[in-house]
Amino acid sequence: WYRQVPALSVGISVGDEVVFTTAHGVIDLESRVPASPSTRFRVASHSKLFTATAIMQLVEQGQLRLDDRVADHLDWFAVDDPDSELAHVTLRQLLSHSSGLTRDGVTTHWHDDHFPSLDEIVSQVGSMPVYGTAEQLKYSNVGFTIAGQVIEAVTGRSYEEHVTEAILDPLGLSSTTPDLPDDLTEHALGYPRWLPDRERAPYDHVRAKVMNSATGFSSTTEDLLRWYRAHRFGNGELLHDRTKREMQRLQFESEEVRWGLGFSIDKVAGMRFVSHGGGYPGFISFSGLEQEHGMAIVVLTNAGDGPARSLFGGIAALCAKAIKGEFDGDAGFDVDAADDLGGFYEHRWAISQVARIGSKLVTADPSQLDPTMVMLVLEHVEDWSFRYPTTIPLASPGEIVRFEPGEPPTMRGPST
């Protein structure tokens with residue numbers, strides 16, 4: 001609520017269990033329809049994960065090889081010079097953003113909503129290379145658009161039909177579509193970033209056309225958690241483990257960015273995630289899978305300034321503390337009654353957020369997207385009296401804060 005994002009949907013799963021989902025705000029600022037974990041959002045570049053998975057299924061089936069040249073499957077991608085960089089672009093390079101191709105080509109779809117047709121993509125082929133192959137990690141929506149066309153050429157059906165039958169239907173992802181769904185009643189509207197003295201007006205729903213394989217998908221928190229569970233090792237879903245390992249290992253990197261096949265590879269809160277973000281006009285999202293603990297985190301927002309990636313990092317940091325056992329131990333107080341103390345406490349100097357996590361009562365600064373940055377795990381003294389820890393020297397370490405249950409409860413301490 002500090003950021004005034006219209007809607008936010010978050011989910012966490014561990015193993016095969018969804019352990020947490022929540023949604024806040026509204027999917028339409030005019031109708032005020034509340035968001036829920038089943039609300040659909042444009043998840044944009046998450047589409048690339050579905051495209052990469054579909055390519056890898058075709059590799060397993062022997063219909064493709066990762067190091068096939070794109071020109072071997074798309075006649076229009078062939079060029080007169082067999083020694084040109086374009087002639088040697090491979091599927092592996094498309095999926096790892098190491099093809100050197102332009103990010104979005106010459107069309108202005110991100111500014112005027114006129115996404116290109118296939119003919120417009122074909123007409124640009126000769127000008128697509130920006131770097132040589134395997135020279136530079138260069139994110140490319142055009143690259144994954146071309147990967148979608150390879151899927152069509154090999155399977156003989158549309159990209160949308162193929163991924164629906166090969167991936168979405170087998171996993172039961174009934175709220176996920178490679179294009180805008182026909183029924184938009186449960187689909188969030190997308191809004192621009194907030195600016196002073198300007199009301200947010202919704203963007204129109206716009207189809208990505210031939211770029212669906214790069215950025216067209218809509219989905220929900222619940223479906224994306226199910227999707228990530230299918231990419232865990234050892235469950236036999238979607239792909240063999242050897243193929244999943246290939247997708248999730250390092251394929252190409254720059255100084256700051258590391259990429260597998262489809263997945264980016266990120267170190268967040270000391271844990272290794274394979275992940276992806278998504279940005280579409282009015283929608284920002286981020287999600288990822290951590291294999292060691294089988295944990296997936298999904299954050300979806302419907303605003304151009306939705307802080308999805310930062311929230312993802314904050315959630316991961318909280319989960320890391322929980323994994324380390326920092327919220328375990330003997331509470332010394334009634335944990336159920338402590339839940340009634342949870343909420344926001346306003347005083348002259350700040351707003352404090354109080355919550356019970358495990359057997360601990362904690363305070364945090366709600367303006368921080370990573371709550372662990374200014375989090376205090378309170379030490380129980382007696383009754384509803386707690387002592388501030390020594391972790392933050394400016395936050396009254398060693399002093400007592402007292403809670404009084406009631407409607408509403410109160411919190412009294414050195415400066416509150």
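Accessible area here comes from the Shrake-Rupley method with a 1.4 Å probe. Keep that in mind for the exercises below, and remember that the model is predicted.

**Exercise 1.** Work out how much area the protein exposes and what share carbon and sulfur atoms supply.

*Solution.* Start with the total: the protein exposes about 19,000 Å². Next, take the share from carbon and sulfur atoms, which is 47%. Then turn to the inside: buried residues make up 52% of the 416 residues, where buried means under 20% relative accessible area.

**Exercise 2.** Decide why the protein counts as being as compact as a globular protein of its length.

*Solution.* First, list the parts: the protein holds 11 helices and 18 strands. Now compare two numbers: its radius of gyration is 24 Å, and the globule rule gives 22 Å for 416 residues. Those values are close, so the protein is as compact as a globular protein of that length. For the outline, its C-alpha trace spans about 80 × 45 × 40 Å along the principal axes.

**Exercise 3.** Find which residues have the most contacts inside the largest nonpolar core.

*Solution.* This core has 68 residues, and those with the most contacts inside it include Phe 50, Val 70, Phe 77 and Trp 227. Which helix gives the largest share? That's H1 (residues 47-60), with 7 residues. Now zoom in on Val 70: leaving aside neighbours within four places in sequence, its contacts include Phe 77, Val 89, Leu 94 and Ile 146. Finally, look apart from this core and you'll find another, of 17 residues, among them Val 268, Phe 273, Ile 297 and Ala 320.

Terms used
Residues are numbered from 1 along each chain as its sequence is written. This is a predicted model: local features need pLDDT of at least 70, side-chain atom pairs count only at pLDDT 80 or more; totals for chains, interfaces and linings use all residues. Side-chain values use heavy atoms; hydrogens and water are left out. Helices (H or I, at least four residues) and strands (E, at least two) are DSSP runs, numbered from the N terminus. The radius of gyration is taken over C-alpha atoms; the globule rule is 2.2 Å times the number of residues to the power 0.38. Buried means under 20% relative accessible area, exposed over 50%, partly exposed in between (1.4 Å probe, protein chains only). A nonpolar core is a set of buried Ala, Val, Leu, Ile, Met, Phe, Trp, Tyr and Cys residues joined through side-chain atoms within 4.5 Å. Contact means heavy atoms within 4.5 Å.
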